[in-house]
Amino acid sequence: MIYKRTMAMKTMKDNNKGAVLVEFVIVLPLLLILLFASIEFGVLFYNQAMITNASREGARTGIVFRPDPRVDPAQIDQIVKNYCSDHVITFGTPNDCEVELPGTLPTASGESLPVRVTYDYGFLLLPNLDFFGAMGIPTTIKLDAETVMRME
């Protein structure tokens, strides 16, 4: 009697293995989507922080007092683009940070210098989930940051 009960319990455990496998196959895609979405949004927020830092570096370069030669807009533009190319995660796409500066840089103490940096972040995984276009997931999102600093 005990032997028959033990064998019946063993058979039930073996049958549950198939059910666990089916549940795992159902849940695995959702877990992978959550994992990769969290990685993707982590990279997006990291890039936003790096764009903000790049605008700060450009503004800081433009406001620090220097006797001749003064910093010109091309140098500020190059500093911001160098910072972006060194720090922004691009997944192999071209790094296209755009820099907006005022027409003339401040010359007197107390004047402010705005530096605006924009970057089109291309999603790596999320647009591939939009099989039929019904969800309307964008392939890129525009990141921008603006820093305004007063000249010393």
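These are my notebook entries on a predicted model of one protein chain.

**Entry 1: the overall layout**

I started with the secondary structure and found three helices and three strands in the chain. Reading from the N terminus, I wrote down the order α-α-β-β-α-β. Next I looked up burial: of the 152 residues in the chain, 26% are buried. The chain exposes about 10300 Å², and carbon and sulfur atoms supply 63% of that area. I also checked how contacts spread along the sequence. Taking contacts between residues at least 6 apart, I noted that 67% join residues at least 24 apart.

**Entry 2: helix H1 and its nonpolar patch**

Helix H1 covers residues 2–63. I asked myself which residues make the nonpolar surface patch of about 720 Å². The list reads Leu 21, Phe 24, Val 25, Leu 28, Leu 32, Leu 35, Phe 36 and Ile 39. I picked Leu 28 for a closer look and confirmed that Leu 28 sits in H1. Its relative accessible area is 31%, so Leu 28 counts as partly exposed. A patch residue needs over 30% relative accessible area, and Leu 28 has 31%.

**Entry 3: a salt bridge further along H1**

I counted the salt bridges next, and the structure holds four. One of them joins the side chains of Glu 57 and Arg 60, with 2.8 Å from N to O. Why do I find about one helical turn between Glu 57 and Arg 60? The two stand three residues apart in helix H1, and that spacing is why about one turn separates them. Both partners are partly exposed: Glu 57 has 29% relative accessibility, and Arg 60 has a relative accessible area of 36%.

While I was at Arg 60, which belongs to helix H1, I also looked up its distance to Ile 76. The C-alpha atoms of Arg 60 and Ile 76 are 9.2 Å apart in space, and the two residues are 16 apart in sequence.

**Entry 4: helix H2**

Helix H2 spans residues 73–87 and lies across strands E1 and E2. I noted that H2 runs at about 35° to E2. Within this helix I found another salt bridge, between Lys 81 and Asp 77, whose closest N and O atoms are 3.6 Å apart. Lys 81 and Asp 77 are four residues apart in helix H2, so about one helical turn separates them. Lys 81 is partly exposed, at 35% relative accessibility.

**Entry 5: the sheet**

Now for the strands. They form an open sheet of three, in the order E1-E2-E3, with antiparallel pairing. Which strands stand at the edges? Strand E1 (98–100) and strand E3 (140–150) do, and each has a single partner strand, so one side of each has no neighbour in the sheet. I read off the twist as well: it averages 20° from one strand to the next.

I then went through the pairings one at a time. E1 pairs with strand E2 (residues 112–122) in the antiparallel sense over three bridges. In this pairing, Val 99 stands opposite Val 117 in E2, and Glu 100 stands opposite Arg 116 in E2. How many bridges join E2 to E3? I found 11, with the two strands running antiparallel. One partner I looked up here is that of Gly 122, which is Thr 140 in E3.

One reminder to myself before turning to side chains: in a regular strand they alternate between the two faces of the sheet.

**Entry 6: Arg 116 and its partners**

I came back to Arg 116, the E2 residue opposite Glu 100. Its side chain meets that of Asp 144 in a salt bridge, 2.5 Å from N to O. Asp 144 lies in strand E3 and Arg 116 in strand E2, so the pair ties together parts that are 28 residues apart in sequence. Salt bridges that share partners bring Glu 146 in too, joining Arg 116, Asp 144 and Glu 146 into one network.

Are these residues buried, exposed or in between? Asp 144 is partly exposed at 32% relative accessibility, and Arg 116 is partly exposed with a relative accessible area of 26%.

Key. Residues are numbered from 1 along each chain as its sequence is written. This is a predicted model: local features need pLDDT of at least 70, side-chain atom pairs count only at pLDDT 80 or more; totals for chains, interfaces and linings use all residues. Side-chain values use heavy atoms; hydrogens and water are left out. Patches are made of residues with over 30% relative accessible area and no salt bridge: like charges are joined within 9 Å, nonpolar side chains (Val, Leu, Ile, Met, Phe, Trp, Tyr) within 5 Å. Accessible areas come from the Shrake-Rupley method with a 1.4 Å probe; for residues, only the protein chains shown count as cover. Buried means under 20% relative accessible area, exposed over 50%, partly exposed in between (1.4 Å probe, protein chains only). Two strands pair if DSSP finds at least two bridges between them. Axes are lines fitted to C-alpha atoms, for helices over the stretch in contact, and angles run from 0 to 180 degrees between N-to-C directions. Contact means heavy atoms within 4.5 Å.
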